[in-house]
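Here are a few exercises to work through with the model open beside you. Try each task before reading its solution.

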Amino acid sequence: MEKATNSKHFSVMINDQIADRLEQFIATVGISESAAVEIAINYFFDDPKVIDGLMRGYREMGSLNREISKDFSCCEEDADIHLTQYRQRLRNLQ
């Protein structure tokens, strides 16, 4: 693996469970947090099964999200009409 010559700084939000696992890993292996994150990222990008699974999941969820949006768009339109009518009544009372 080639060593990177330039470094970029970025922030990632992780839940407590992942943070605990990361802390245990760096304590057990005896490496820095940055090195542990680099290992995890490289493992992720080097495993085509992980990438393929994520891409498949996002495609499946995209189709599901389109179906849900289509099924509920009439509800959203109805709610928008009622909200507009409510706002007009409030303005008329003022």
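The exercises below deal with a predicted model, going from overall fold to surface.

**Exercise 1.** Work out the secondary structure pattern and decide whether the protein is spread out or compact.

*Solution.* Start by counting elements: there are three helices and zero strands. Reading along the sequence then gives α-α-α. Next, take the radius of gyration, which is 24 Å, and set it against the 12 Å that the globule rule gives for 94 residues; the value is well over the rule, so the protein is more spread out than a compact globule. To finish, look at the C-alpha trace, which spans about 70 × 35 × 30 Å along its principal axes.

**Exercise 2.** What share of the residues is buried, and what supplies the exposed area?

*Solution.* First the residues: 5% of the 94 are buried. Then the surface: the protein exposes about 9,100 Å², and carbon and sulfur atoms supply 56% of that.

**Exercise 3.** Find the residues of the nonpolar surface patch and say which helix gives the most to it.

*Solution.* Pick out Phe 10, Val 12, Ile 14, Ile 18, Val 37, Ile 41 and Phe 45; together they have about 640 Å² of accessible area. Now match the patch to the helices: α2, residues 33-46, gives the most, with three residues.

**Exercise 4.** Place Ile 41 in its helix and classify its exposure.

*Solution.* Ile 41 sits in helix α2. Its relative accessibility is 32%. Partly exposed covers the range between under 20% (buried) and over 50% (exposed), so Ile 41 counts as partly exposed.

Methods: Residues are numbered from 1 along each chain as its sequence is written. This is a predicted model: local features need pLDDT of at least 70, side-chain atom pairs count only at pLDDT 80 or more; totals for chains, interfaces and linings use all residues. Side-chain values use heavy atoms; hydrogens and water are left out. Patches are made of residues with over 30% relative accessible area and no salt bridge: like charges are joined within 9 Å, nonpolar side chains (Val, Leu, Ile, Met, Phe, Trp, Tyr) within 5 Å. Accessible areas come from the Shrake-Rupley method with a 1.4 Å probe; for residues, only the protein chains shown count as cover. A salt bridge is a side-chain nitrogen of Lys or Arg within 4 Å of a carboxyl oxygen of Asp or Glu. Helices (H or I, at least four residues) and strands (E, at least two) are DSSP runs, numbered from the N terminus. Buried means under 20% relative accessible area, exposed over 50%, partly exposed in between (1.4 Å probe, protein chains only). The radius of gyration is taken over C-alpha atoms; the globule rule is 2.2 Å times the number of residues to the power 0.38.
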